[in-house]
Amino acid sequence: MNITISKKVYSVSQITYEIKSILESEFRLISIKGEISNFKKQSSGHLYFSLKDETSQISCAMFKNSTNSLKELPKDGDQVILEGEISVYPPRGNYQLIVRKLEFEGIGSLLLKLQKLKEKLTVKGFFDEKNKKALPFLPKKIGIVTSPTGAVIQDILNVLNRRFDTFHLILNPVKVQGEGAKEEIAKAIDDFNKYNLVDVIIVGRGGGSLEDLFAFNEEIVVEAIFNSKIPIISAVGHETDVSLSDFAADVRAPTPSAAAEIVLKEKSKLIERLLNYKKHILKYTLYSFKNLKLKLSNYIKHPLFSSSYILLGKEMQMLDDMRENLDNSIIQKILKQKEILNIFSKQLSRINPIAKLLNYKLDLKTYEKKIENSYKNYLNLKKNNFLKLISHLKGIDPKNLLKKGYSICFNEKNKKSSIILSIKDVKKDDRISILLSDGKIEGKIL
Amino acid sequence: MKEEINFEKAFERLDEILNEMNDGKVSLDSSLKLFEEANKLIVICQKNLLDAEKKIEILIKDRNGEPEIENGEPKKEFFNTAQKSILD
């Protein structure tokens, strides 16, 4: 096999070291003019950024020991002159400028570019007041052109959620910085117009460096804003950041939150006005009611109503008179009746039965006495007669006769004594008894 | 625009009603009528102002940044306000 001398084959490390030695020896102490971008300060204190011009850029590192001479930290967009050496970093295979010295060089080229574009567009009438559209009175749909993850959409939603219960928001998500940002922003504005999706558009992004915000200074974006039929509110960066988009927009909001408030300013005004009406009309109505109430209570307090005598005094008096008359006539009548009654009662007392009875009783007593007397007299008479009769009878008492020798014969027949008055009263063998004054003699008829 | 006219008219009338009430010369009966009318107007305006639902949407785009179209309208979905890029 023939061995020919072929091209030299390097390993990656070999070529990297070749490049490194050439570059680092060739560019040992150089100065480069350009604009700072992608500036980053690490916590270590080292600074990393790119230096760029219109077409190229170079990575730069400025280590902490070199930064001591810096009066201020550079920022994106700063036009600077750097001094240092080129260094190759083999693990990444890239080269960078190790900065030993940094000098600022006045206004950056971005600003220059911005200034030029501003002049150009001003001439075109992009920023004329007369081309500005009025914001819709009460926008139904609000379009937002911004990053879905940025501060703008959050700020706007915070404001809207806090201030309003209802709103319709459509976000057209775009990149707001870096490659392709300006095209996306311009297209989003065009698309909202093309489909007539919203009544007003808020275009914006959060704060950042001039370079970060630069998409909003690009002609394509400014043009899209100018051409939009839908009114546009710009909210780019902080209040101090002013972009060409702000000039072209119909309204410039100092902040995204302000943009949200501007969009619904009329709505909140209307709501406020309405609440005011509500308050006042309620107030007046209540007031007029109070007024009427007061009037009513005054009427009630009026003597005409507060005292019945005012209205009915005459009648009441008449009533009183009538009552008195009535009373009087009744009393008269009663008195008359009483009088009559007195007469009657006198008459009645005159014919009082008790008195009569007493009289009768008295009479009765005299009668009693009379009767008693006459009865006594009668008794005495009878007694005397009786005594006379007794003495007479005593004279004829058979017992007394017996003593004089007379006797009485009794038939004892049938065990029953019977006086024998005739001889015929006795028969033979009849038992008889003869009563004498000192005893009895029994015998038998022979 | 139609709404605007309504609001303007309604507010004009509300102004009139307020003035009339403020005059203090209205009778109880007519003040009640005025109140009723004002209340009706306020309710209508409020409804007009607040009678929409809250909607937060985001356009759906394809890889080329073109909005996805459905029935001639760009497609939308509800925007989750909590969503944040891991880069943030």
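I started with Asn71(B), which is exposed at a relative accessible area of 77%. I should jot down that this is a predicted model. Where does Asn71(B) sit? I found Asn71(B) in the loop between β2 (69-70) and β3 (73-74) of chain B. Its backbone caught my eye: phi of Asn71(B) is near 55°, a positive value in a residue other than glycine.

I then pulled up Asn196(A), where phi is positive too, about 45°, and again the residue is not a glycine. Asn196(A) belongs to the loop between α5 and β8 of chain A. Buried or exposed? I get 60% relative accessibility for Asn196(A), so it counts as exposed, the cut-off being over 50%.

Next, the make-up of chain B. I count 2 helices and 4 strands there, and from the N terminus on they run α-α-β-β-β-β. Of its 88 residues, 25% count as buried. The accessible surface of chain B comes to about 6300 Å², with 48% of that belonging to carbon and sulfur atoms. I also looked at contact range: among contacts in chain B between residues at least 6 apart in sequence, 26% join residues at least 24 apart.

I checked the span of helix α2 (residues 28-50) of chain B. Its 23 residues reach 32 Å from first C-alpha to last, close to the 33 Å expected at 1.5 Å a residue. Which residues of α2(B) are buried? My list for α2(B) reads Ser31(B), Leu34(B), Ala38(B), Leu41(B), Ile42(B), Cys45(B) and Leu49(B).

Over to chain A, for the corresponding numbers. I have 13 helices and 14 strands, and 32% of the 446 residues count as buried. Chain A exposes about 30100 Å², and carbon and sulfur atoms supply 57% of that area. For contacts in chain A with a separation of 6 or more, residues 24 or more positions apart account for 59%.

Then I went looking for nonpolar cores. The largest has 36 residues, and those with the most contacts inside it are Val145(A), Ile185(A), Ile189(A), Phe192(A), Ile201(A) and Val203(A). Elements of chain A that each supply at least two residues of this core are α3 (109-124), α5 (181-194), β8 (200-205), α6 (219-227), β9 (232-236) and α7 (244-248). Which element gives the largest share? I see α5(A) out in front with 6 residues. Apart from this core lies another, of 25 residues, and among its members I noted Ile142(A), Val200(A), Ile233(A) and Ile56(B). General background I keep in mind: nonpolar side chains tend to be buried together in soluble globular proteins.

I picked Ile189(A) for a contact list. Leaving out residues up to four places away in sequence, Ile189(A) touches Val145(A), Ile201(A), Val203(A), Ala224(A), Ile225(A), Ser228(A) and Ile232(A).

Last entry, the outside of chain A. I found a nonpolar patch on the surface made of Leu296(A), Tyr299(A), Ile300(A), Leu304(A), Phe305(A), Tyr309(A), Ile310(A), Leu311(A), Leu312(A) and Met316(A), together offering about 1100 Å² of accessible area. Two or more patch residues come from each of α9 (265-301), α10 (303-306) and α11 (308-350) of chain A. The most come from α11(A), with 5 residues. I singled out Ile300(A), which is found in helix α9 of chain A. With a relative accessible area of 55%, Ile300(A) is exposed.

Technical notes
Residues numbered from 1 in each chain as written. Chains lettered and ligands numbered in written order. Predicted model: local features only at pLDDT ≥ 70, side-chain atom pairs only at ≥ 80, totals over all residues. Heavy atoms only, no water. Patch = residues over 30% accessible without salt bridge, like charges linked within 9 Å, V, L, I, M, F, W, Y side chains within 5 Å. Areas by Shrake-Rupley, 256 points an atom, 1.4 Å probe, with all protein chains shown as cover. Salt bridge = Lys/Arg side-chain N within 4 Å of Asp/Glu carboxyl O. Buried < 20%, exposed > 50% of the residue type's maximum accessible area, 1.4 Å probe, protein only. Expected span 1.5 Å × (residues − 1). Contact = heavy atoms within 4.5 Å. Core = buried A, V, L, I, M, F, W, Y, C linked by side-chain atoms within 4.5 Å.
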